[in-house]
Amino acid sequence: MPQARVETVRPQTIHLAGEFVESNLGSAVEPDGSVTVRAVGQQYSFTPQCMVVPTDTPVVFRATSPDVIHGFLIQKTNVNTMLVPGYVSEIPARFSKPGEYLMPCQEYCGVGHEGMWAKVKVVDKPEFVAMVSANRRVTCVE
Ligand code: CUA
């Protein structure tokens, strides 16, 4: 699905400065109560490896790639886009019940493509709120 709005980012420096530095990845609660999940797909992993979101809440995934094109697909949902170096992909979503969704990379990105995946864990809203109060950015990476 092409992005409706074009937003660019410098792929060479996403690890060093700006929105996609590692400390800013994961889930953040916005002032309006919605949740933004920031992620990076690179050869051959996603960061964070496990993204956590609450039920019954508007969620926006914002993600990019520093190297080649990767797929950002959440199985059993309509979230399916590409991560293109130099661009930010923004995908809205909403999850009605707790569960886990696999995120296999959906674009051939090199020899490690088959092993590139992440997951999304949906938790009840009160559980998510409790996680957020302890950390500014939350993930379910153990
Ligand atoms: Cu990343 Cu295929």
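A search of the whole structure, which is a predicted model, finds 1 disulfide. The bond joins Cys50 and Cys140, and the two sulfur atoms are 1.9 Å apart. The link spans distant parts of the chain: Cys50 belongs to strand 4, Cys140 to the segment after helix 1, and 90 residues separate them. The torsion about the S-S bond is -90°, which makes the link of Cys50 and Cys140 left-handed. Both Cys50 and Cys140 are buried.

Two further cysteines can be described by their accessibility. Cys105 is buried, with a relative accessible area of 6%. Cys109 has 5% relative accessibility and counts as buried because the cut-off is under 20%.

**The sheet around strand 4**

Strand 4, the strand that holds Cys50, is part of an open sheet of 3 strands in the order 4-10-9, with mixed pairing. Strand 4 and strand 9 (99-104) are the edge strands; each has a single partner strand, so one side of each has no neighbour in the sheet. From one strand to the next, the twist averages 20°.

Strands of a sheet pair through backbone hydrogen bonds, in either the parallel or the antiparallel sense. In this sheet, strand 4 and strand 10 run parallel and are joined by 5 bridges. Strand 10 (residues 117-123) and strand 9 pair in the antiparallel sense, over 6 bridges. One bridge partner can be named for each pairing: Val53 is matched with Val122 in strand 10, and Leu102 with Lys119 in strand 10.

Helix 1 (residues 125-134) lies across strand 4 and strand 10 and runs at about 120° to strand 4. The segment after helix 1 contains Cys140, the partner of Cys50 in the disulfide.

**Thr57 in the loop after strand 4**

Thr57 lies in the loop between strand 4 (50-54) and strand 5 (59-64). Is Thr57 buried or exposed? With 1% relative accessibility, Thr57 counts as buried, because buried means under 20%. The side chain of Thr57 reaches the backbone oxygen of Thr55 at 2.8 Å. When neighbours within four places in sequence are left aside, Thr57 is in contact with Gly33, Ser34, Val35, Ala93, Arg94 and Lys125.

**Aromatic residues**

The count of aromatic pairs comes to 3. Phe95 and Tyr101 form one that is tilted, with 5.4 Å from centre to centre and 55° between the planes. The pair counts as tilted because its angle is neither under 30 degrees, as in stacked pairs, nor over 60, as in edge-to-face pairs. Phe95 and Tyr101 each count as buried, with relative accessibilities of 3% and 15%. Elsewhere, Phe46, Phe61 and Phe72 form one aromatic cluster.

**Accessibility values**

The table collects the relative accessibilities of individual residues discussed above.

| Residue | Relative accessibility | Class |
|---|---|---|
| Thr57 | 1% | buried |
| Phe95 | 3% | buried |
| Cys109 | 5% | buried |
| Cys105 | 6% | buried |
| Tyr101 | 15% | buried |

Note on methods
Residues are numbered from 1 along each chain as its sequence is written. This is a predicted model: local features need pLDDT of at least 70, side-chain atom pairs count only at pLDDT 80 or more; totals for chains, interfaces and linings use all residues. Side-chain values use heavy atoms; hydrogens and water are left out. Rings of Phe, Tyr and Trp (its six-membered ring) pair if their centres lie within 6.5 Å; planes under 30 degrees apart count as stacked, over 60 as edge-to-face and the rest as tilted. Buried means under 20% relative accessible area, exposed over 50%, partly exposed in between (1.4 Å probe, protein chains only). Helices (H or I, at least four residues) and strands (E, at least two) are DSSP runs, numbered from the N terminus. A polar contact is a pair of N or O atoms within 3.5 Å; within protein, one must be able to donate a hydrogen and the other to accept it, and residues adjacent in sequence count only if both atoms are side-chain atoms. Contact means heavy atoms within 4.5 Å. Two strands pair if DSSP finds at least two bridges between them. Axes are lines fitted to C-alpha atoms, for helices over the stretch in contact, and angles run from 0 to 180 degrees between N-to-C directions. A disulfide is a pair of cysteine sulfur atoms within 2.5 Å.
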